[in-house]
Amino acid sequence: MTKDIVRALEKNADKLDAIKKKIGKEEVLAGLAEESAELSQAALKYRRALNGANPTPIDILTADEHLQEEMADTLLNAVLAGVDTCAVAEILYKKINRWCDRLGVD
C-alpha cells in the first residue's frame with residue numbers, strides 16, 4: 001500500500017474499529033466478496049473501453065474512475081476483514097518475481 005493509503009487507514013482507525021464492531025466480520029466478508037466482484041466487473045469494463053472490440057457506453061476516463069472506486073471499496077473491506085498486510089506484501093514479492101520470470105523481465 002502506498003503511504004497515502006496507510007495514512008488514510010491510520011487516521012481513521014477508530015472509525016474502522018467502530019464499523020467492524022457495528023456490522024461484524026461476517027458482513028465485512030460479504031462486503032469483501034461483493035466489492036471484489038464489482039472490481040472484477042470494473043476491470044472488464046475498462047478493458048472494453050480501451051480496446052473498443054465490444055463497445056461500452058462509458059469512456060476510458062469514467063472506466064478508470066470506476067476501477068479506482070472499486071479498488072478502494074475492495075481494499076477497505078479487506079482491511080476491515082483483517083487481511084494481514086505483511087503476509088500480503090511477502091506474497092506480492094513472490095508473485096512479482098514469478099511474473100517477471102515468466103515474461104522474461106529483469
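**Figure 1. Buried residues account for 17% of the 106 residues in the protein chain.** This is a predicted model. It's a helix-only affair: the protein chain has four helices and zero strands, and reading along the sequence gives the pattern α-α-α-α. The radius of gyration is 17 Å, well over the 13 Å from the globule rule for 106 residues, so the protein chain is more spread out than a compact globule. Laid along its principal axes, the C-alpha trace covers about 45 × 40 × 25 Å. Take the contacts between residues at least 6 apart in sequence: 65% of them link residues at least 24 apart.

**Figure 2. Helix 2 has a kink of about 100 degrees.** Where does the kink in helix 2 sit? Its centre is glycine 24. The end-to-end distance tells a matching story: helix 2 runs over residues 13–51, which is 39 residues, yet its end C-alpha atoms are only 40 Å apart. A straight helix at 1.5 Å a residue would reach 57 Å. Just past the helix comes glycine 52, which has a positive phi, near 70 degrees.

**Figure 3. Here are the buried residues of helix 2 and what covers them.** Zoom in on helix 2 and you'll find Leu16, Val28, Gly31, Leu32, Glu35, Leu39, Ala42, Tyr46 and Ala49 buried. An α-helix has 3.6 residues a turn, so residues three or four places apart point the same way. That's handy to keep in mind when scanning the list. The cover over the buried residues of helix 2 includes helix 1 (3–11) and helix 3 (60–80).

**Figure 4. Seven residues form the largest nonpolar core.** They are Leu9, Leu16, Val28, Leu32, Ala78, Leu80 and Ala81. At least two residues of this core come from each of helix 2 and helix 3. Which helix gives the most to this core? That's helix 2, with three residues. As a rule of thumb, in soluble globular proteins nonpolar side chains tend to be buried together.

**Figure 5. Threonine 56 sits in the loop between helix 2 and helix 3.** Is threonine 56 buried or exposed? Threonine 56 has a relative accessible area of 15%, under the 20% cut-off, so it counts as buried. Setting aside neighbours within four places in sequence, threonine 56 is in contact with Lys45, Arg48 and Ala49.

**Figure 6. Isoleucine 60, in helix 3, is in contact with Tyr46, Ala49 and Leu50.** Those three are the contacts left once neighbours within four places in sequence are set aside. Along the chain, isoleucine 60 and alanine 49 are 11 residues apart, and their C-alpha atoms are separated by 5.4 Å. Isoleucine 60 has 39% relative accessibility, which means that it counts as partly exposed. Alanine 49, for its part, is on the list of buried residues of helix 2.

**Figure 7. A look at cysteine 86 and cysteine 100 in a structure with zero disulfides.** How many disulfides does the structure hold? Zero. Cysteine 86 counts as exposed because its relative accessibility is 55%, over the 50% cut-off. Cysteine 100 comes in at 23% relative accessibility, so it counts as partly exposed.

Conventions. Residues are numbered from 1 along each chain as its sequence is written. This is a predicted model: local features need pLDDT of at least 70, side-chain atom pairs count only at pLDDT 80 or more; totals for chains, interfaces and linings use all residues. Side-chain values use heavy atoms; hydrogens and water are left out. A disulfide is a pair of cysteine sulfur atoms within 2.5 Å. Buried means under 20% relative accessible area, exposed over 50%, partly exposed in between (1.4 Å probe, protein chains only). The expected span of a helix is 1.5 Å times one less than its number of residues. The bend at a residue is the angle between axes fitted to the seven residues ending there and the seven starting there. Contact means heavy atoms within 4.5 Å. A nonpolar core is a set of buried Ala, Val, Leu, Ile, Met, Phe, Trp, Tyr and Cys residues joined through side-chain atoms within 4.5 Å. The radius of gyration is taken over C-alpha atoms; the globule rule is 2.2 Å times the number of residues to the power 0.38.
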